[in-house]
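Please look at the model below with a sheet in mind. The text starts from one pair of residues and works outward.

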Amino acid sequence: MRTKSLKKNKINVITLGCSKNVYDSEVLMGQLRANGKEVEHEAPAEKEGNIIVINTCGFIDNAKAESVNMILEYADKKDRGLVDKVFVTGCLSERYRPDLEKEIPNVDQYFGTTELPQLLKALGADYKHELLGERLTTTPKNYAYLKIAEGCDRPCSFCAIPLMRGSHVSQPIEKLVKEAQGLAKNGVKELILIAQDLTYYGLDLYKKRNLAELLEALAAVEGIEWIRLHYAYPTGFPMDVLELMKREPKICNYIDIPLQHISDSILKSMRRGTTQAKTTQLLKDFRAAVPGMAIRTTLIVGYPGETQEDFEILKDFVQEMKFDRMGCFAYSHEENTHAYLLEDNVPDDVKQARANEIMELQSQISWDLNQEKVGKVFRCIIDRKEGAHFVGRTEFDSPDVDNEVLIDASKHYVKTGEFVNIKIIEATEFDLYGEPA
């Protein structure tokens, strides 16, 4: 058994799940650093420190399993004396705290999604209100996530997010502008706006959908060159955002709009508040208002009651709409959601086969769209150097989820964190290869 070291405590924060969790971990680390604590993000084993904070995801089965495995791994390390303390926070902890406390009792303490001050106290730190908006960013220096709202008021039948994150709460424009100014001073050039539902922004604070006004204010921040929109809900989309996107060069011609399904019977059961006809018209309006915009979506297959006919309707829609980017997930039957009352009657192998079929269809669409880019020049941001390539992105691509532009580092030098004009010389389904123009 290792004797407790007398050296200063070092805290290692491990983040699982989505970009909203990344943001929360960054806020936590900013607070810890301001309290004089030594803190690392996902440090390698030899440098990981003696206090572990695991920020968990509880969204779907795979994510829950990953979070539970990570907690078990560090609980075991604690048993073996390799770390001194283990704390767990985030969505899984919010949703299943009593179960976790019972099943994995040698974690020092579990915290929910809104208990940052209590977590800091357990780590020997004070919550500093004056640090509002200051974070220790973990992304490459040129981009950062900006969480404009927390929680969600939508009634979607399959989604457990309101259980874990609560009701929708918008952040005031002036606070977000201040945060953006701080990020820009630190070299951030691209803001990726995130929320459970961007389109709902402002309804609680300003009594109207106020995303366009927020975007105008952020576009005025010196040093910010790209603003990207993630997670827009298709019902009640504020169309003034499209007018702004068209005339304001800083707002990327890109939108992430998770549609989930398109068959009217499934949309109704999912409680999405829209129809195939309305959704199709909305996407046509997007493309008419901002020609050339990239549309990313997410779909769910295998939802309770999804027939082969429903699935064929979805496939035809994907083929017709030719989305620039897409993710597809097999339905996960989540406790305490409205859909949990339905019979989870699509077999797992059918769910997976349908997801694979959609992604196969999408990879062909992506291949065709990418071939059209060959020979053209795009303004790219260079995120990093990885192996033999510099890795960048066009304005039509978000980090981690979309296409990357690969530049041969043995032939060309480009500066990371900077914008460079790149000519595309070759393309695959999900990557572009280019050289400085």
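Val377 stands opposite Lys423 in strand 17. This is a predicted model, in which local features need pLDDT of at least 70, side-chain atom pairs count only at pLDDT 80 or more, and totals for chains, interfaces and linings use all residues. Residues are numbered from 1 along each chain as its sequence is written, and side-chain values use heavy atoms, with hydrogens and water left out.

Strands here are DSSP runs of E with at least two residues, helices are runs of H or I with at least four, and both are numbered from the N terminus. Two strands pair if DSSP finds at least two bridges between them. Strands of a sheet pair through backbone hydrogen bonds, either parallel or antiparallel.

Strand 14 (residues 377-386) and strand 17 (residues 419-427) run antiparallel and are joined by five bridges. Arg379 faces a partner in strand 17 as well, standing opposite Asn421.

Which strand forms a hairpin with strand 14? The hairpin partner is strand 15, with two residues between the two strands. Strand 15 covers residues 389-393, and its pairing with strand 14 is antiparallel over five bridges. Lys385 stands opposite Phe390 in strand 15. In the turn, Gly387 has a positive phi of about 60°.

These pairings belong to a barrel that five strands close in the order 14-15-16-18-17, with mixed pairing. From one strand to the next, the twist averages 55°.

The next part concerns two helices. Helix 8 (residues 211-219) packs with helix 9 (residues 240-247) at an angle of about 25°, and their axes are 8 Å apart. Axes are lines fitted to C-alpha atoms, for helices over the stretch in contact, and angles run from 0 to 180 degrees between N-to-C directions. Helix 8 is therefore roughly parallel to helix 9, a term for angles under 35 degrees (over 145 is roughly antiparallel, 65 to 115 roughly perpendicular, the rest oblique).

Leu211, Ala212, Leu215 and Glu216 of helix 8 meet Asp240, Val241, Leu244 and Arg247 of helix 9, where contact means heavy atoms within 4.5 Å. The residues of this contact divide into five nonpolar, no polar and three charged.

Toward the N terminus, the unreviewed UniProt entry places the feature "domain: MTTase N-terminal" at residues 9-128. That span is 46% helix and 20% strand, and its end C-alpha atoms lie 20 Å apart.

Key
Ala, Val, Leu, Ile, Met, Phe, Trp, Tyr, Cys and Pro count as nonpolar, Asp, Glu, Lys and Arg as charged, and the others, Gly among them, as polar. UniProt positions are given in the numbering used here, feature names are shortened, and annotations may be inferred rather than shown by experiment.
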